[in-house]
Amino acid sequence: MTPSTSSVITLSVNGEKYPLPVDHRTTLLDALRERLDLTGTKKGCDQGQCGACTVLADGRRVLACLQLAVAAEGRDITTIEGVADGDRLHPVQQAFLDLDGYQCGYCTPGQICSALAVIEEHAAGWPSAVTADVRPEAGIPELTAEEIRERMSGNLCRCGAYVPIVEAVARAAGAVRGGPAGAGEGA
């Protein structure tokens with residue numbers, strides 16, 4: 001008897017549960033876009049190198065083009081469609097809009113999902129490759145432009161909107177924390 005190469009899984013996406021028959025080789029990206037019609041998540045390189053497909057799984061960044069849909073079962077997936085609160089934009093979305101943190105907009109959903117995780121990772125005290133003092137007693141490092149650039153480095157923007165992206169993440173981090181962003185103007 002040949003083992004089955006498909007299953008019915010239940011994906012929890014943006015607070016909704018979706019039973020879905022999938023081939024075991026179906027990526028989370030293809031399940032989101034082609035099966036659930038959530039086309040905000042973009043297919044860029046389809047090799048995990050550009051970040052256009054970044055979504056959140058249990059609050060952590062994942063590249064949906066490299067994640068199998070069957071492996072996402074049981075995790076809470078958040079796509080760009082689930083970031084806003086109804087008609088009210090999330091502070092990260094509003095900062096991208098206010099500061100022109102996009103050009104063509106193709107990478108923007110992945111950039112925003114990544115920025116959400118960056119802000120949470122930083123607030124939790126996770127160091128990055130550019131954090132000067134990684135000792136726990138050093139506390140949370142300042143969220144400088146250099147920190148933001150390093151933490152967002154997995155998301156490419158072919159239009160080159162990196163300066164306003166860094167500024168948008170800095171502004172949103174301040175808004176989310178309720179205080180100054182740390183990266184300052186002209187980041």
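This passage describes helix α4 and a set of salt bridges in a predicted model.

Helix α4 comprises residues 108-123, and its geometry can be checked against the length expected of a helix of that many residues. At 1.5 Å a residue, the 16 residues of α4 should span 22 Å, and because the C-alpha atoms at its ends are 22 Å apart, the expected and computed values agree. The helix is mostly covered, with 14 of its 16 residues classed as buried. Beyond α4 comes Gly 125, a residue whose phi is positive, near 90°.

A search of the whole structure for salt bridges returned nine, and three of the pairs are described here in turn. In one of them, Asp 23 is paired with Arg 25, the closest N and O atoms lying 2.7 Å apart. The two partners fall into separate classes of exposure: Asp 23 has a relative accessible area of 24% and is therefore partly exposed, whereas Arg 25, at 64% relative accessibility, lies over the 50% cut-off and so counts as exposed.

A further salt bridge joins the side chains of Lys 43 and Asp 30, with an N to O distance of 2.8 Å. This pair links distant parts of the chain, since Asp 30 belongs to helix α1 (28-35) while Lys 43, 13 residues away, is located in the loop between α1 and β3 (54-57). Lys 43 is partly exposed, its relative accessible area being 29%, whereas Asp 30, with a value of 18%, falls under the 20% cut-off and is therefore classed as buried. The contact between these two residues also forms part of a network of salt bridges, in which Asp 30, Lys 43 and Asp 46 are linked.

In helix α5 (residues 145-151), a salt bridge is found between two residues of one helix, Arg 151 and Glu 147. The closest N and O atoms of this pair are 2.8 Å apart, and the two residues are separated by four positions in the sequence, which corresponds to about one turn of the helix. Both partners are buried: Arg 151 has a relative accessible area of 7%, and Glu 147 has one of 4%. In the Arg 151 and Glu 147 pair, then, each charged partner is under the 20% cut-off for burial, whereas in the Asp 23 and Arg 25 pair one partner is partly exposed and the other is exposed.

Methods. Residues are numbered from 1 along each chain as its sequence is written. This is a predicted model: local features need pLDDT of at least 70, side-chain atom pairs count only at pLDDT 80 or more; totals for chains, interfaces and linings use all residues. Side-chain values use heavy atoms; hydrogens and water are left out. The expected span of a helix is 1.5 Å times one less than its number of residues. Buried means under 20% relative accessible area, exposed over 50%, partly exposed in between (1.4 Å probe, protein chains only). A salt bridge is a side-chain nitrogen of Lys or Arg within 4 Å of a carboxyl oxygen of Asp or Glu.
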